[in-house]
Amino acid sequence: MGVRRIMGTETEFGISVVGQPHANPMLASTRLVNAYASAELHARRARWDFEEESPLRDARGFDMAREVADPSQLTDEDLGLANVILTNGARLYVDHAHPEYSTPEVTNPMDAVLWDKAGEQVALDACRFASVAGEPDLVLYKNNTDNKGASYGAHENYLMNRSTPFGEIVRHLIPFFVSRQVVCGAGRVGIGQDGREHGFQIAQRSDFFEVEVGLETTLKRPLINTRDEPHADPEKYRRLHVILGDANLSETSTYLKVGTTALVLDMIENRYITTDLSVFNPVASLRAVSHDPGLAHLLEREGGQTLTAVQLQWEYFSLASAYVAERYGSDVDPDTADVLARWESVLNRLERDPFECATELDWVAKLKLLESYRDRDGLDWDDAKLHLIDLQYADIRPEKGLYHRLVGMGRMKRLLEPAAVTAAMHDPPTDTRAYFRGRCLDKYPDSIAAASWDSVIFDLPGHDSLQRVPTIDPLRGSKAHVGELIDASDTALALFSALTR
């Protein structure tokens with residue numbers, strides 16, 4: 001399988017209301033999502049189907065009691081907040097105080113980048129649609145903290161074989177996650193949850209994690225989240241819900257984040273990693289690595305050995321290279337070969353001089369930009385201007401965001417063509433069940449009462465009750481499976497009849 005598996009990302013955007021620093025973010029987020037729904041969806045709006053969700057089921061073999069769960073964990077309750085299912089198979093909704101975009105299911109890292117980037121454009125359009133006469137403008141930031149003590153997520157999801165022992169996932173992923181941030185950190189001005197200590201760190205999220213393993217996502221955040229909600233056949237699959245990553249604007253950072261993680265998961269599933277790669281005190285180590293943009297911090301291992309985060313990434317890379325050569329040989333798929341090549345290239349340059357990666361990795365690009373201001377204006381890290389530059393890097397508006405300016409000046413490399421991103425705003429992936437969901441919403445909007453990752457619910461003439469079509473297999477419902485059938489069905493009733501014949 002290499003890097004190919006069912007995966008997706010979720011991004012909670014930071015939001016502000018121009019001229020209203022104390023505006024209610026939930027109201028602003030609701031306004032934003034509703035503005036997009038009104039502008040893009042001219043027919044009946046399908047609701048999200050919460051019936052199959054189970055956010056309190058723990059991979060360690062128990063369910064958390066609802067009465068002790070934090071309200072933020074109860075994602076299976078319909079709170080009446082704005083919630084839109086898009087024709088590209090994605091979901092745009094209000095997650096407490098933030099607008100959130102969840103990509104459709106994809107099968108490879110480049111598609112994960114593509115539909116993640118499409119989400120940025122959806123969010124940008126939503127801001128523009130919300131900018132109507134008499135209403136203040138909304139601004140979104142693709143970052144993870146307000147530097148006042150609050151953090152919001154950029155999650156990844158990977159479908160895994162249920163047969164893989166969860167303890168093995170924990171054992172081999174924790175050291176990988178501790179070191180992975182040197183490749184995919186988004187960079188941050190400020191140390192500590194409230195950014196009170198002055199300086200620059202590699203990752204936005206690292207200071208907000210407190211335990212190694214747990215079910216929570218907003219309190220006592222764990223390096224490994226144990227939510228057992230596969231959105232697929234639970235006898236076959238589990239969904240690994242990764243919550244410690246940063247929201248990346250760099251396409252290379254996102255690509256390597258999901259690509260290298262998928263490859264490590266393939267090794268774990270096939271019991272290939274037998275070496276003990278664990279490090280002492282991984283939560284403290286996560287923070288220490290983030291706080292050292294010089295990449296010199298030494299992680300401690302059993303037996304008194306020490307190594308840097310880059311060296312630990314090299315160990316994972318070496319294992320992955322050997323694994324791919326042994327398992328796939330000359331039949332290795334192009335996606336896996338490309339992830340390995342880019343991973344090796346980035347690690348080589350990080351080892352020589354991190355600034356060699358300034359055109360590809362978010363944290364390095366941001367640090368180089370900040371250092372140019374510090375050199376030009378003689379700024380210390382306690383200068384408020386540097387915090388503003390950090391925030392402006394994450395501004396999704398092309399005319400304002402510093403990431404976009406770097407792209408425009410040729411100082412940040414892209415992997416995608418803009419036209420492909422525009423198409424992905426509206427078109428679903430063709431090789432997963434997202435194709436069925438997106439095409440149905442596009443072609444039969446008045447007949448779709450609700451949908452979720454694993455079902456589409458039809459409201460059909462001649463039927464007294466709603467009709468649920470399960471989509472429990474993420475690889476069925478693709479264009480190859482249902483494309484011709486949808487094309488040939490003028491109505492949802494015709495499609496449903498053909499499916500159930």
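# Two loop residues with positive phi

R271 is found in the loop between helices α4 and α5 (282-290), where helices (H or I, at least four residues) and strands (E, at least two) are DSSP runs numbered from the N terminus. This is a predicted model, in which local features need pLDDT of at least 70 and side-chain atom pairs count only at pLDDT 80 or more, while totals for chains, interfaces and linings use all residues. Residues are numbered from 1 along each chain as its sequence is written, and side-chain values use heavy atoms, with hydrogens and water left out.

Most residues other than glycine have a negative phi. R271, however, has a positive phi of about 55° although it is not a glycine, and N281, which also has its place in the loop between α4 and α5, has a positive phi of about 45° without being a glycine either. Are these two residues buried or exposed? R271 counts as partly exposed because its relative accessibility is 45%, and N281 counts as exposed because its value is 51%; in these terms, buried means under 20% relative accessible area, exposed means over 50%, and partly exposed lies in between (1.4 Å probe, protein chains only).

# The buried residue D246

D246 lies in the loop between β15 (237-242) and α4 (251-269). D246 counts as buried because its relative accessible area is 2%. Which residues does D246 touch, leaving aside those up to four places away in sequence? Contact, meaning heavy atoms within 4.5 Å, joins D246 to N144, A154, C184, G185, A186, G187, I202, A203, Q204, R205 and K257. One of these partners, Q204, is 42 residues away from D246 along the chain, and the C-alpha atoms of the two are separated by 6.0 Å.

# Cavities and a pocket

On a 1 Å grid over the protein atoms alone, a cavity is a set of points where a 1.4 Å probe fits but cannot get out, whereas a pocket is an open set with protein on both sides within 12 Å along at least five of seven lines; lining residues have an atom within 4 Å of a point. The largest cavity is lined by F177, R180, Q181, C184, G185, A203, S206, L244, G245, D246 and L286, and helix α3 (residues 166-184) gives the largest share of this lining, 4 residues. D246 also appears at the second largest cavity, for among the 13 residues that line it, those closest to the centre are T11, D116, D246, N248 and K257. Strands β1 and β10 and helix α4 each supply at least two residues of the lining of the second largest cavity.

The second largest pocket is lined by 31 residues, and those nearest its centre are I15, S16, D146, K148 and L391. To this pocket lining, β2 (14-17), α1 (25-40) and α9 (384-393) each contribute at least two residues.

# Strand β1 and its partners

Strand β1 (residues 7-12) is mostly covered, with 6 of its 6 residues buried. In a regular strand the side chains alternate between the two faces of the sheet. Both faces of β1 are covered, since M7, T9 and T11 on one side and G8, E10 and E12 on the other are all buried.

Two strands pair if DSSP finds at least two bridges between them. β1 pairs with strand β10 (residues 154-161) in the antiparallel sense over 5 bridges, and within this pairing E10 stands opposite H155 in β10. β1 also pairs with strand β8 (residues 98-102), again in the antiparallel sense, over 3 bridges, and here the bridge partner of E12 is E100 in β8.

# An open sheet of four strands

Another part of the model holds an open sheet of 4 strands, in the order β3-β18-β19-β20 and with mixed pairing. Which strands form its edges? They are β3 (47-48) and β20 (467-470), each of which pairs on one side only. Strand β19 (residues 455-458) and β20 pair in the antiparallel sense over 4 bridges, and the bridge partner of S455 in β20 is P470.

# Contacts of L350

A further example of contacts between residues distant in sequence is given by L350, for which residues up to four places away are again not counted. L350 touches V182, V183, L295, V310, C357, L361, W363 and V364.
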